[in-house]
Amino acid sequence: MRGFSYGDYEAIITQVKNNFEIVSFSRAIELDRQGENSFAVIRHDVDFSLGKALNMAKVDADNGVSSTFCFLPWSSNYSLANDRWVVNELLRLGHDIGLHLDLSCLGHFTPEERIKNDCAYLSALFGTRVRVISVHFLGRVSAPPKCGEEIICTWQEPFMQSIKYFSDSTGAWRYGNPVDSDEYKHGRPLHLNFHPIWWGSISEQERIEILRRIGSHEFKKIAKAYGGI
Ligand SMILES: [Zn+2]
């Protein structure tokens with residue numbers, strides 16, 4: 001049975017790589033405008049673990065895949081400033097980095113200011129231009145923030161529209177495994193979002209605890225299914 005081991009992850013990305021051109025978010029915009037098919041963008045929203053992000057980055061690189069890792073600059077679960085080497089290693093492996101934007105932690109900034117400041121912070125910290133953002137807790141936000149011309153928001157066209165979006169949120173493919181989809185079978189563009197925390201070894205108790213900590217909408221439903229917390 002397919003699950004969430006690194007072997008399962010590798011199986012998905014190798015299947016996608018064998019049938020699609022895996023591209024950056026900026027290249028995907030160009031290909032979409034040209035009406036191209038058979039391309040895919042891969043991103044990783046890093047909510048908890050830099051170590052797990054690095055594991056995924058290595059699997060990607062071993063398979064000749066470049067993807068985009070989006071980080072929470074002010075996470076209480078990890079420190080980019082203290083563990084800069086992880087992100088530097090990920091960049092060395094050929095990946096891009098982006099901002100994972102938590103709209104519930106704006107402080108006294110507007111969303112636009114927060115995006116600008118945080119992208120500038122990440123760019124300065126890692127010496128690379130950061131212009132891709134993904135939104136944390138997508139289900140709780142009613143509309144994408146205004147990002148301006150310079151920023152690529154993975155929630156805006158074409159990444160949730162003409163490019164079919166798949167996410168492993170809560171450790172399940174709620175809309176099916178991407179490689180079983182009609183879009184995959186017909187070579188239509190794919191946007192795959194993997195959360196490193198769900199991959200590799202994880203117990204059910206850890207899974208429930210993680211869901212509790214992220215305050216997912218799914219938490220109550222899933223916690224109940226596992227006996228509740
Ligand atoms: Zn997130």
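## Burial and overall dimensions

Of the 229 residues in the chain, 35% are buried, a value computed, like the others in this report, from a predicted model. Contacts that link distant parts of the sequence are well represented, since among the contacts with a separation of 6 or more, 69% are between residues 24 or more positions apart.

The chain has 8 helices and 8 strands. Its radius of gyration is 17 Å, close to the 17 Å that the globule rule gives for 229 residues, and the chain is therefore as compact as a globular protein of that length. Measured out along the principal axes, the C-alpha trace of the chain spans about 45 × 45 × 35 Å.

## Packing of H1 against H3

Helix H1, which covers residues 6-19, packs with helix H3, which covers residues 50-62, at an angle of about 40°, and the two axes are 10 Å apart. Because an angle of about 40° falls neither under 35 degrees nor within 65 to 115, H1 and H3 are oblique to each other. The crossing of these two helices, H1 and H3, is right-handed.

## Residues at the H1 and H3 contact

On the H1 side, the contact is made by Tyr6, Tyr9, Glu10 and Ile13, and these residues meet Asn55, Met56, Val59 and Asp60 of H3. Sorted by character, the residues of the contact of H1 with H3 comprise 5 nonpolar, 1 polar and 2 charged.

How values were computed:
Residues are numbered from 1 along each chain as its sequence is written. This is a predicted model: local features need pLDDT of at least 70, side-chain atom pairs count only at pLDDT 80 or more; totals for chains, interfaces and linings use all residues. Axes are lines fitted to C-alpha atoms, for helices over the stretch in contact, and angles run from 0 to 180 degrees between N-to-C directions. Helices (H or I, at least four residues) and strands (E, at least two) are DSSP runs, numbered from the N terminus. Angles under 35 degrees count as roughly parallel, over 145 as roughly antiparallel, 65 to 115 as roughly perpendicular and the rest as oblique. A crossing is left-handed if the near helix is turned anticlockwise from the far one by less than a right angle, and right-handed if clockwise. Two residues are in contact if their C-beta atoms, placed from the backbone, lie within 7 Å. Ala, Val, Leu, Ile, Met, Phe, Trp, Tyr, Cys and Pro count as nonpolar, Asp, Glu, Lys and Arg as charged, and the others, Gly among them, as polar. The radius of gyration is taken over C-alpha atoms; the globule rule is 2.2 Å times the number of residues to the power 0.38. A residue is buried if 20 or more other C-beta atoms lie within 10 Å of its own, exposed if 12 or fewer, and partly exposed in between; C-beta atoms are placed from the backbone.
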